[in-house]
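Here are my notes on the model you sent over. Have it open while you read, and check each point against it.

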Amino acid sequence: MSEHILTNKQGRVGVITLNRPEVLNAWHSEMRQQLIAALEEFSNDDSLGAIVLTGAGERAFSAGQDLNETRSFDAERAKSWVGEWEALYDKLRSSPKPIIAALNGVAAGSAFQVALLCDFRIAHADVRMGQPEINSGIASTTGPWIMREHLGLARTIDLTLSGRLMNADESHALGLINRLVAADQVLPEALALGEELADKPPVAMRLDRQRFKEITEPGFRDCLEAGVRIQGEAYASGEPARMMELFLKRRNG
């Protein structure tokens, strides 16, 4: 099996690395399943007190969805695709351990959402973040939910409809990036924070994360229900496939 996800332990911190640097760590179904398995393993490992999620290479945390997968979807496959995101997002939300995103590069689309589902985000000055899904013909459903939780409706509309990426300074000013450090310090800073969090009382940590999940659960379930309906309609129209083909041609041309 291809190792789309790498794992290792550093002290009391489990490190998960997204490992498709040749496509900016964009994920497809197999990679998402491997990520879920890694999160499950570390969440149940009593020797660990925190988890760090990062990307391989120097260019990207993750570019989000691999369009080479989704451009062939029909309406029914698009609906089941929403279920795959539910499984991943629920795993992130349900872990008893704090999760830190060590942002080594761009975090776009669903990768931006995954970063926001982590508890802390460490980044460097060249990191860009945002929700460019509209540019490739993908309607946003989980994105508006998680962005509104962090940013409110006005900025969520801005990022969703414009598809623009924010630079690190803007993201930091908005509170999306917790700490800005030099590029070579992103992972060390994340590991240090992980060790600090691992020293916290584990029951209180688990219960605090559980409560954050409870507070946001109604919105999460609503966006998933809407996702099945909206992605089914979008893919039935044929627009996502057309736009993804154009997007990939421009990118590869």
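The points below start with the whole chain and then turn to single pairs and residues.

1. First, a reminder that this is a predicted model. The chain has 10 helices and 10 strands. Its C-alpha trace spans about 50 × 40 × 35 Å along the principal axes.

2. How does the radius of gyration fit a compact globule? For 253 residues the rule gives a value near 18 Å, and the chain has 17 Å, so the two agree. As for burial, 50% of the 253 residues count as buried.

3. The contacts reach a long way along the sequence. Take those between residues at least 6 apart: 74% of them join residues at least 24 apart.

4. On the outside, the accessible surface comes to about 11,400 Å². Carbon and sulfur atoms account for 51% of that surface.

5. Now the charges. There are 28 positive and 35 negative side chains, and the centres of the two sets lie 3 Å apart. The structure holds 19 salt bridges, and the next few points pick out some of them.

6. Look at R20 and D66, whose side chains form a salt bridge with an N to O distance of 3.0 Å. R20 sits in the loop between strand 2 (13-18) and helix 1 (29-43), and D66 in the loop between strand 4 (60-62) and helix 2 (67-70), so this pair ties together parts 46 residues apart in sequence. Are these two buried or exposed? Both R20 and D66 are buried.

7. Next comes E245, in a salt bridge with R71 whose closest N and O atoms are 3.3 Å apart. E245 belongs to helix 10 (residues 239-252), while R71 is in the loop between helix 2 and helix 3 (75-94); the pair links distant parts of the chain, 174 residues apart. Here the partners are partly exposed: E245 has a relative accessible area of 34%, and R71 has 30%.

8. A third pair is E217 and R93, with the closest N and O atoms 2.7 Å apart in their salt bridge. This one runs between helices, with E217 in helix 9 (residues 202-237) and R93 in helix 3, 124 residues apart. Both E217 and R93 are buried. Which residues make up the network of salt bridges that share partners? E86, D90, R93, K213, E217 and R221 are joined into one.

9. While you are at helix 9, find R209, which is also placed there. R209 is buried, with a relative accessible area of 7%. Leaving out residues up to four places away in sequence, R209 touches L92, R93, S94, S95, P96, K97, P98, I99, L117 and D119. One of these, S94, is 115 residues away from R209 along the chain, yet their C-alpha atoms are separated by 7.6 Å.

10. Go back to the loop between strand 2 and helix 1 and check the backbone at L24, which is placed there. L24 is not a glycine, but it has a positive phi of about 55 degrees. Its relative accessible area is 24%, so L24 counts as partly exposed.

11. N25 is found in the loop between strand 2 and helix 1 too. Again we have a residue that is not a glycine but has a positive phi, here about 60 degrees. How much relative accessible area does N25 keep? The value is 0%, so N25 is buried.

12. Last, G137, which lies in the loop between strand 8 (129-130) and helix 5 (142-151). With a relative accessible area of 10%, G137 is buried. Not counting residues up to four places away in sequence, G137 touches P240 and M243. E245, the salt-bridge partner of R71, comes up here again: G137 and E245 are 108 residues apart in sequence and 9.7 Å apart in space, C-alpha to C-alpha.

Key
Residues numbered from 1 in each chain as written. Predicted model: local features only at pLDDT ≥ 70, side-chain atom pairs only at ≥ 80, totals over all residues. Heavy atoms only, no water. Helix = DSSP H or I, 4+ residues; strand = E, 2+ residues; numbered from the N terminus. Rg over C-alpha atoms; globule rule 2.2 N^0.38 Å. Buried < 20%, exposed > 50% of the residue type's maximum accessible area, 1.4 Å probe, protein only. Contact = heavy atoms within 4.5 Å. Areas by Shrake-Rupley, 256 points an atom, 1.4 Å probe, with all protein chains shown as cover. Lys, Arg positive; Asp, Glu negative; His and termini not counted. Charge placed at Lys NZ, Arg CZ, Asp CG, Glu CD. Salt bridge = Lys/Arg side-chain N within 4 Å of Asp/Glu carboxyl O.
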